[in-house]
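Please brief me on how the two chains of this model are arranged and how they meet.

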Number of protein chains: 2
Amino acid sequence: MRVPLPGLPDRVTIYEVGPRDGLQNEKTVVPVEVKAEFVARLADAGLTTIETTSFVHPKWVPQLADAEELLGALPATGDPRPVLVPNERGLDRALALGVREIAIFGSATETFARRNLNRTVDESLTMFAPVVERARAEGLWVRAYVSMVCGDPWEGDVPIPQVVSVAKRMMDMGCQQLSLGDTIGVGTPGQVTALIGALGEAGIGADRLAVHFHDTYGQALSNTLAALRAGVTTVDASTGGIGGCPYAESATGNLATEDLVWMLDGLGVDTGVDLGKLVSTSRWMAGRLGRPSPSRVVQALSPKE
Amino acid sequence: MRVPLPGLPDRVTIYEVGPRDGLQNEKTVVPVEVKAEFVARLADAGLTTIETTSFVHPKWVPQLADAEELLGALPATGDPRPVLVPNERGLDRALALGVREIAIFGSATETFARRNLNRTVDESLTMFAPVVERARAEGLWVRAYVSMVCGDPWEGDVPIPQVVSVAKRMMDMGCQQLSLGDTIGVGTPGQVTALIGALGEAGIGADRLAVHFHDTYGQALSNTLAALRAGVTTVDASTGGIGGCPYAESATGNLATEDLVWMLDGLGVDTGVDLGKLVSTSRWMAGRLGRPSPSRVVQALSPKE
């Protein structure tokens with residue numbers, strides 16, 4: 001039944017992260033032609049914005065070592081197909097292939113910056129500045145991820161002013177969108193609402209925000225609902241819920257796109273996504289990964305053994 | 001991090017349904033001493049209201065055939081220990097054992113009434129009336145469940161006025177609390193909010209409501225958040241997420257108490273529950289049932305293999 005909830009947006013853009021954030025944490029090596037079919041099926045299901053891969057060094061993420069090959073295999077489209085770019089070398093690779101949208105990936109905490117980027121937060125921001133400057137000069141659209149915005153496995157609670165400070169420095173470089181990553185999934189709706197409010201006071205309005213929740217503690221969809229109420233209209237999700245954070249104790253993955261679409265369909269919020277096609281894509285991909293999808297919707301709509 | 005969300009209650013009563021609604025749908029036969037220990041552990045974790053069993057005919061629910069034995073094995077306590085009572089025969093059994101709180105179980109739809117109660121909705125209400133009348137005359141507290149309040153596997157969407165009509169007839173009999181059951185887990189937050197609003201207009205205020213969500217489509221916690229915002233302060237949940245609806249295609253169970261407590265703890269909403277003890281109880285019970293808990297929190301806080 002379709003019943004709107006007052007105060008929610010009419011339309012939400014789903015920023016699909018399955019091919020990049022999802023697959024990068026999967027151990028099964030996925031052939032490039034399967035990845036290309038995955039992206040094509042996602043697009044066919046109505047997802048317009050799909051982060052396809054990362055230009056991180058293959059030594060760190062072997063799963064995405066085929067980034068050039070994958071981009072070459074994807075049909076040209078006017079839709080956004082952002083790729084993750086960790087540094088200037090990555091930007092060179094992206095520009096050489098005509099990529100028009102990139103994302104950089106920062107951390108709100110020192111410990112995760114050191115473990116994931118091998119740098120302090122300051123050093124990582126120094127590394128990003130010329131990437132963003134050049135990208136913007138080339139006319140690219142740039143998203144900034146900030147990870148560990150609700151908690152950090154080593155540091156515990158992450159104070160909101162600390163997240164705002166890092167976020168503001170990234171946005172001041174010229175990024176157009178900020179994705180708030182609760183990388184270990186510990187946040188709850190009050191914290192999410194307060195963080196979005198604090199960012200607004202710092203000049204980063206909800207129209208420039210996206211939220212990126214992991215379902216490690218079952219909180220991803222409630223947190224999304226809170227973010228929508230706070231004015232956010234871009235939500236990251238991973239079809240089939242694939243992926244997860246390799247640094248967190250539990251590897252429960254990203255918010256499943258299907259579970260998000262079920263809620264938004266019920267709320268009458270337009271996403272442009274065909275849930276049936278999405279579920280069928282998830283089941284196909286789960287077969288390639290050799291394990292069932294953790295998405296509740298996929299489980300509910302799949303035939304029982 | 002504890003960050004309140006404006007508009008939520010300060011305190012929520014968790015109505016624990018694991019021993020009854022959870023176990024009744026589990027295939028593994030659980031010995032009565034394990035059930036008694038389960039209830040004792042739940043109480044020790046801080047759950048004050050625990051629905052312990054059902055006086056339904058053993059032919060229909062063999063798992064709960066030991067209701068008398070279980071109640072005899074539980075220590076006396078001043079806390080509410082409701083039992084499900086399907087009819088006058090069940091009430092006789094409950095009264096004989098000194099039970100002080102009962103629940104009756106109705107359906108918002110004709111199809112589920114026929115399948116679950118072997119009666120039309122009218123016939124089932126006729127059956128309940130003398131049960132409630134006698135129970136109230138004996139000074140018992142009576143809860144009314146209405147199931148299929150968001151959707152029905154055979155009838156599809158269930159119109160809100162239809163739910164309100166059945167609910168009102170049950171409450172007019174003299175029941176003190178109404179538990180709204182989204183038995184197949186299809187509802188979304190707008191529908192939940194609208195239903196609670198419509199019940200309020202019909203004279204059944206949120207202070208007399210409880211919500212009972214299944215996580216079949218991953219919506220249980222978001223729907224709970226919407227219900228809390230609408231003024232509800234009693235939430236049904238099943239420790240470890242055990243149980244499920246045997247009539248729905250997927251057997252994904254009740255909202256896991258742990259996932260609910262995680263959210264409420266983060267929101268600074270008092271429940272009196274110790275999450276650590278609850279998770280350890282879930283893991284113990286999962287061992288007895290021979291399968292892992294579907295609760296995300298239990299999975300996240302359990303050691304990896």
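The briefing below covers the symmetry of the pair and then the interface.

This is a predicted model, in which local features need pLDDT of at least 70 and side-chain atom pairs count only at pLDDT 80 or more, while totals for chains, interfaces and linings use all residues. Residues are numbered from 1 along each chain as its sequence is written, chains are lettered from A in the order in which they are written, and side-chain values use heavy atoms, with hydrogens and water left out.

**Symmetry**
- A turn of 180° with a shift of 0.0 Å along the axis lays chain A on chain B with an RMSD of 0.0 Å (least-squares superposition on the C-alpha atoms of residues with pLDDT of at least 70 in both).
- The two copies are thus related as by a two-fold rotation axis, and in chain A the C-alpha nearest that axis belongs to A:S222, at 2.2 Å.

**Extent of the interface**
- Contact (heavy atoms within 4.5 Å) links 40 residues of chain A with 40 residues of chain B.
- Because 100% of the interface residues of chain A are also interface residues in chain B, the copies meet through the same surface.
- The chains bury about 3400 Å² between them, 60% of it on carbon and sulfur atoms (accessible area lost on being put together, 1.4 Å probe, summed over both).
- In chain A, the residues that lose the most area to chain B are A:M1, A:Y217 and A:R296, together 24% of what that side buries.

**Polar links**
- Two salt bridges are counted between chain A and chain B (a side-chain nitrogen of Lys or Arg within 4 Å of a carboxyl oxygen of Asp or Glu).
- A:R296 forms a salt bridge with B:D215, the closest N and O atoms being 3.0 Å apart.

Technical notes. Buried area is the accessible area (1.4 Å probe) that two parts lose on being put together, summed over both.
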